[in-house]
Amino acid sequence: MRNLDKYKGIIPAFYACYDDEGNISPDRVRELTRYFIDKGVKGLYVNGSSGECIYQSVEDKKIVLENVMQEAKGKLTIIAHVACNNTADSRELAAHAESLGVDAIAAIPPIYFRLPEYAIAEYWNDISDAAPNTDFVIYNIPQLAGVALTPALFEEMRKNPRVIGVKNSSMPVQDIQIFKQNAGEDYIIFNGPDEQYISGRLIGAEAGIGGTYGAMPDLFLKMEEHFTNGNLEEARNIQYDINSIIYKMVSGHGNMYGVIKAILRENEGIDIGSVRKPLPALIESDEAIVKEAAAMIREAREKYID
């Protein structure tokens with residue numbers, strides 16, 4: 001049985017860090033990494049959806065991961081998302097991630113063309129083969145990728161000894177149950193949708209990877225603490241407040257990650273730039289939403305933590 005403890009806990013999805021010209025900023029990547037280390041999270045999921053991965057070049061992703069690892073190696077569990085929309089670039093990133101000593105790599109399925117399951121399995125296995133000494137996590141996000149991880153495809157992928165589990169971002173919480181029951185204790189299922197964190201944990205997820213964790217990691221850590229200690233009512237209360245914050249963050253004209261980055265400036269004094277086009281940047285009317293969401297986070301901290 002594999003030791004999966006290093007993956008169990010709160011793992012924020014790392015945000016893209018840009019300079020004022022919209023290029024990857026190594027200094028800001030390192031600053032954000034130190035912020036997460038100071039907050040006490042379990043690990044980081046780098047270059048995934050929250051990292052605006054589909055709008056970045058192979059070189060951009062390498063720069064991000066290299067600078068994260070400079071700060072985090074030995075301090076946090078690092079899962080590097082390496083999928084590109086072609087196998088060669090994905091394999092290059094997988095090999096690069098292994099050379100840096102990440103704990104695991106992860107990949108969504110190829111997007112745009114609807115490939116048969118055997119082709120998706122070959123794609124994932126080809127990526128995994130480029131990092132032969134590194135764990136592999138399947139990223140299931142059908143609402144964006146356009147293809148879902150089925151029990152049959154998951155069964156096929158479990159023939160690969162490097163596959164350790166699934167980052168499940170599909171909305172039906174039942175999917176977590178299905179993957180957990182099918183795979184057993186030797187695999188880990190990560191809850192993806194932040195709005196259902198405790199629901200995912202109750203039904204079988206042992207950890208969480210989420211795109212809103214970064215704006216309020218201490219709230220997710222406290223929710224996990226209450227869940228682990230059996231204080232389900234307190235965990236649910238925090239989940240309700242977190243969800244209200246999330247609903248506020250997605251209510252603007254600009255992209256949610258633009259709102260989150262502005263919240264980090266407001267609450268933490270961290271500037272990691274804006275978002276990369278075609279993601280819409282914030283407009284003036286979004287400033288009130290940022291202020292309100294930031295205040296909601298501070299109020300929740302006072303209620304549950306301070």
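Glutamine 239 sits in helix H10, which covers residues 232-249. Before we go on, this is a predicted model, where local features need pLDDT of at least 70 and side-chain atom pairs count only at pLDDT 80 or more, while totals for chains, interfaces and linings use all residues. Residues are numbered from 1 along each chain as its sequence is written, and side-chain values use heavy atoms, leaving out hydrogens and water. When I say helix or strand, I mean a DSSP run, H or I of at least four residues for helices and E of at least two for strands, numbered from the N terminus.

Is glutamine 239 buried or exposed? It counts as buried, because its relative accessibility is 3%; buried means under 20% relative accessible area, exposed over 50%, and partly exposed in between, with a 1.4 Å probe and protein chains only. Its side chain reaches the backbone nitrogen of isoleucine 198 at 3.1 Å. Contact here means heavy atoms within 4.5 Å. Beyond neighbours within four places in sequence, the contacts of glutamine 239 include Asp194, Tyr197 and Met223.

Now to the sheet. It is open, has 8 strands with parallel pairing, and follows the order S1-S8-S7-S6-S5-S4-S3-S2. At the edges are strand S1 (10-12) and strand S2 (43-46), each pairing on one side only. From one strand to the next, the twist averages 25 degrees. Two strands pair if DSSP finds at least two bridges between them. Strand S6 (residues 163-168) and strand S7 (residues 188-191), for instance, pair in the parallel sense over 4 bridges. Within that pair, lysine 167 stands opposite phenylalanine 190 in S7.

Let's finish with helix H11, residues 256-268. How many of its 13 residues are buried? The count is 10, so to speak of H11 as mostly covered is fair. Among the buried ones are Met256, Tyr257, Ile260 and Leu264. The cover over the buried residues of H11 includes helix H1 (26-39), H10 and helix H12 (286-304), and H10 is where we met glutamine 239.

The length of H11 agrees with expectation, because 13 residues at 1.5 Å a residue should span 18 Å and the end C-alpha atoms are 17 Å apart; the expected span is 1.5 Å times one less than the number of residues. At the N-terminal end of H11, asparagine 255 acts as a cap, with a side-chain oxygen 2.8 Å from the backbone nitrogen of tyrosine 257. Just after H11, glycine 269 takes a positive phi of about 70 degrees.

Notes
Polar contact = N/O pair within 3.5 Å; in protein donor to acceptor, adjacent residues only side chain to side chain. Axes fitted to C-alpha atoms, helices over the stretch in contact; angles between N-to-C directions.
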